[in-house]
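Here is a short tour of a structure for you to follow on screen. Keep the viewer open, and let us walk through the core, the packing and a few individual positions together.

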Amino acid sequence: DKYQKIRKTKVSDLSNFENKNKGSNVLFGDFKNISLARQSFLLLLTGRDLLFSLLLTTMFEHPLVECIFILVLNITMVAYILLLPPFKSTFDATQQLFYEVVTLSVNVSVLILAIMDSIDSPDNPGFRSQIGRFIIIVNMVFNFGSLAFMLVKAFQTFYEIYKAYKERKSKHKTHLKLQTPDHLVK
């Protein structure tokens with residue numbers, strides 16, 4: 001909140017504030033600073049995860065209600081990411097959206113199972129097994145998707161290191177070419 005107020009006033013005050021709070025950059029650096037709602041992504045994600053844990057521990061006797069609440073939390077987070085994109089990086093936004101959509105598909109599947117249990121639905125020719133298989137497949141998609149994101153991120157990191165190395169090497173060569181013999185003696 002204080003950041004947003006300073007951001008709207010003076011650029012010099014903003015620079016001083018950012019220098020004074022460099023340690024907080026880890027929490028806010030990857031997010032757009034357009035609004036407090038976008039900068040609060042980690043706070044909202046953590047709150048959602050805490051509420052999720054609270055629901056799991058307190059609502060276990062009411063699985064249908066529990067599934068509905070969890071699904072609402074998940075849909076809310078997907079809507080938040082789509083309507084107020086908090087990430088500066090498209091890659092980070094895509095990664096988080098991937099995780100949320102995978103979670104959403106599992107939550108819908110679990111909700112279907114909870115509804116079937118609540119109405120004592122007989123198992124139509126292996127429908128529960130099909131849903132179980134779907135959840136397993138989604139879990140595999142999640143794992144391989146995570147691996148793909150990690151590989152892309154590793155490639156990006158190595159590429160940035162390589163570019164920085166080449167740039168440093170080029171500057172060093174240019175600097176050596178510009179030096180005169182008098183400077184080399186000193």
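## The nonpolar core

The largest nonpolar core in this predicted model has eight residues: Phe31, Phe41, Leu45, Met77, Tyr80, Ile81, Phe87 and Ala93. Two elements, H5 and H6, each supply two or more residues to this core. The biggest share comes from H6, which gives three residues.

As background, nonpolar side chains in soluble globular proteins tend to be buried together. Each member of this core is a buried residue, meaning under 20% relative accessible area. Across the protein, buried residues account for 25% of the 186 residues.

## How H5 and H6 pack

What angle do helix H5 and helix H6 make when they pack? The angle between H5 (residues 41-58) and H6 (residues 63-83) is about 170°, and their axes lie 10 Å apart. Angles over 145 degrees count as roughly antiparallel, and H5 and H6 are therefore roughly antiparallel to each other.

On the H5 side, the contact is made by Phe41, Leu44, Leu45, Arg48, Leu51, Phe52, Leu55 and Leu56. H6 answers with Glu66, Phe69, Ile70, Leu73, Asn74, Met77, Tyr80 and Ile81. Sorted by class, the contact of H5 with H6 has 13 nonpolar residues, one polar residue and two charged residues.

Met77 is a handy residue to click on here, as a member of the largest nonpolar core and of the H5 and H6 contact. Leaving out residues up to four places away in sequence, Met77 touches Phe41, Leu44, Leu45, Arg48 and Glu100.

## Two positions on these helices

Aspartate 49 sits in helix H5 and is partly exposed, with a relative accessible area of 37%. Its C-alpha atom is separated by 9.2 Å from that of leucine 73, and aspartate 49 and leucine 73 are 24 residues apart along the chain.

Alanine 79 belongs to helix H6 and also counts as partly exposed, at 30% relative accessibility. Between the C-alpha atoms of alanine 79 and leucine 97, the separation is 9.9 Å, with these positions 18 residues apart along the chain.

## The overall fold

How many helices and strands does the protein have? There are nine helices and zero strands, and reading along the sequence gives the pattern α-α-α-α-α-α-α-α-α.

A look at sequence separation adds to the picture. Taking contacts between residues at least 6 apart in sequence, 63% join residues at least 24 apart.

## Aromatic residues

If you like ring geometry, there is something to look at here too. A pair of aromatic rings is described by the distance of the centres and the angle of the planes. Searching the whole structure turns up eight aromatic pairs. One aromatic cluster is formed by Phe91, Phe98, Tyr99, Phe142 and Phe149.

## The loop between H7 and H8

Aspartate 120 lies in the loop that runs between helix H7 (90-118) and helix H8 (127-178). Its phi is near 50°, a positive value in a residue other than glycine. Aspartate 120 is exposed, with a relative accessible area of 67%.

Is serine 121, in the loop between H7 and H8, buried or exposed? At 19% relative accessibility, serine 121 counts as buried, because the cut-off for buried is under 20%. Setting aside neighbours within four places in sequence, serine 121 is in contact with Met116 and Arg128.

Key. Residues are numbered from 1 along each chain as its sequence is written. This is a predicted model: local features need pLDDT of at least 70, side-chain atom pairs count only at pLDDT 80 or more; totals for chains, interfaces and linings use all residues. Side-chain values use heavy atoms; hydrogens and water are left out. Axes are lines fitted to C-alpha atoms, for helices over the stretch in contact, and angles run from 0 to 180 degrees between N-to-C directions. Helices (H or I, at least four residues) and strands (E, at least two) are DSSP runs, numbered from the N terminus. Angles under 35 degrees count as roughly parallel, over 145 as roughly antiparallel, 65 to 115 as roughly perpendicular and the rest as oblique. Contact means heavy atoms within 4.5 Å. Ala, Val, Leu, Ile, Met, Phe, Trp, Tyr, Cys and Pro count as nonpolar, Asp, Glu, Lys and Arg as charged, and the others, Gly among them, as polar. Rings of Phe, Tyr and Trp (its six-membered ring) pair if their centres lie within 6.5 Å; planes under 30 degrees apart count as stacked, over 60 as edge-to-face and the rest as tilted. A nonpolar core is a set of buried Ala, Val, Leu, Ile, Met, Phe, Trp, Tyr and Cys residues joined through side-chain atoms within 4.5 Å. Buried means under 20% relative accessible area, exposed over 50%, partly exposed in between (1.4 Å probe, protein chains only).
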